[in-house]
Amino acid sequence: MSTYYDLYETPDPSGEGKKKPLHARVRSKGTITAKEFQERLMKEQHMPHAMVVGIMQAISNALGDWLAEGYNVELDELGFFSTTLKCTRPAMQKKDIRAESVRFETVKFRPSKAFKKYVRHQMELERIDKKTSAKKPAVAKKDRKQMMLTFLEANVCITRAEYARLTRVTDRCASSDLQEFLTESVIRKRGGGRSVVYIKKSVTNHFNGNMQFVMPRKPPDGGSNEHLFLPPSPDE
């Protein structure tokens, strides 16, 4: 079965209005639930449901325990798991940070070469035809914020048009949602005019007092990332 993709305009976070090359992105078909995952393992490995659930829970518990103890964990040929930390207050010297100001941030996953090779071999790409694709209803408001945050975990920024396509809402509704998220300090706005983009507030750090460094937008072709430097907003 084909993996559908489409081409999108790449925003210019610098706000200079420079036109960027288009980038490709997979059009997700949805999320495979834990139940669906378990049912496939039961059919392929001829294992009872209770055993599959037990094995998955044991893997999850062991992985969580080792990560919590400070280990990086390799899971067979799947890849490597590790943790990242964050400082809850800015500091330029080590003596300015106390232990209570350092917190767990998230768990990172780095796929192995074998796993990436397997996915690449299995994937059959097909560009989606917008004229024939069925129009789906808008995503419920309670779910739109999380969809945006999930998108920003993999990308530097999001535009209003991208948000509207992602959540299947009108441009007016997209503008209203984004303004609400700005008010809630969930995101920050960069650029001006047609070059406005929105970034996750927690990913920015001050850099040399004038510029800010953000994680690179994930390239669609698996190539090397380029770091982006964004000018600070007027309220910083």
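**Helix packing in a predicted model**

Helix H1 (residues 34–45) packs against helix H2 (residues 49–68) at an angle of about 120°, and their axes are 9 Å apart. That angle makes H1 oblique to H2, because it falls outside the range of 65 to 115 degrees that counts as roughly perpendicular and is not over 145. The structure is a predicted model. The points below describe this helix pair, then helix H4 and its contact with helix H6, and finally the residue Arg168.

**The contact of H1 with H2**

- The two helices H1 and H2 cross in a right-handed sense.
- On the H1 side, the residues in contact are Phe37, Gln38, Leu41 and Met42.
- On the H2 side, they are met by His49, Val52, Val53 and Met56.
- Sorted by class, this contact contains six nonpolar residues, two polar residues and no charged residues.

**The two sides of H4**

- Helix H4 spans residues 141–154, and its buried residues include Arg144, Met148, Leu149, Phe151 and Leu152.
- These buried residues lie on the same side of H4, because they cover an arc of only 160° around the axis.
- Lys142 and Glu153 are exposed, and they are carried by the face of H4 turned away from its buried side.
- Among the elements that cover the buried residues of H4 are three strands, namely E2 (23–26), E7 (187–190) and E8 (197–200).
- Helix H5 (160–167) and helix H6 (171–183) also take part in this cover.

**The contact of H4 with H6**

- H4 and H6 pack at an angle of about 70°, and their axes are 12 Å apart.
- H4 is therefore roughly perpendicular to H6, since angles of 65 to 115 degrees are placed in that class.
- The crossing of H4 with H6 is right-handed.
- From H4, the residues Lys141, Arg144, Lys145 and Met148 take part in the contact.
- From H6, the partners are Cys173, Asp177, Leu178, Glu180 and Phe181.
- By class, the contact of H4 with H6 has four nonpolar residues, no polar residues and five charged residues.

**Arg168 in the loop between H5 and H6**

- Arg168 is located in the loop that lies between H5 and H6.
- With a relative accessible area of 35%, Arg168 is partly exposed, because this value lies between the cut-offs of 20% for buried and 50% for exposed.
- Arg168 is 24 residues from Arg144 in sequence, and the C-alpha atoms of the two are 9.5 Å apart in space.
- Apart from its neighbours within four places in sequence, Arg168 is in contact with Lys136, Pro137, Ala138 and Val139.

Methods
Residues numbered from 1 in each chain as written. Predicted model: local features only at pLDDT ≥ 70, side-chain atom pairs only at ≥ 80, totals over all residues. Heavy atoms only, no water. Axes fitted to C-alpha atoms, helices over the stretch in contact; angles between N-to-C directions. Helix = DSSP H or I, 4+ residues; strand = E, 2+ residues; numbered from the N terminus. Parallel < 35°, antiparallel > 145°, perpendicular 65-115°, else oblique. Left-handed = near helix turned anticlockwise from the far one by under 90°. Contact = heavy atoms within 4.5 Å. Nonpolar A, V, L, I, M, F, W, Y, C, P; charged D, E, K, R; others polar. Buried < 20%, exposed > 50% of the residue type's maximum accessible area, 1.4 Å probe, protein only. Arc of directions from axis to C-beta.
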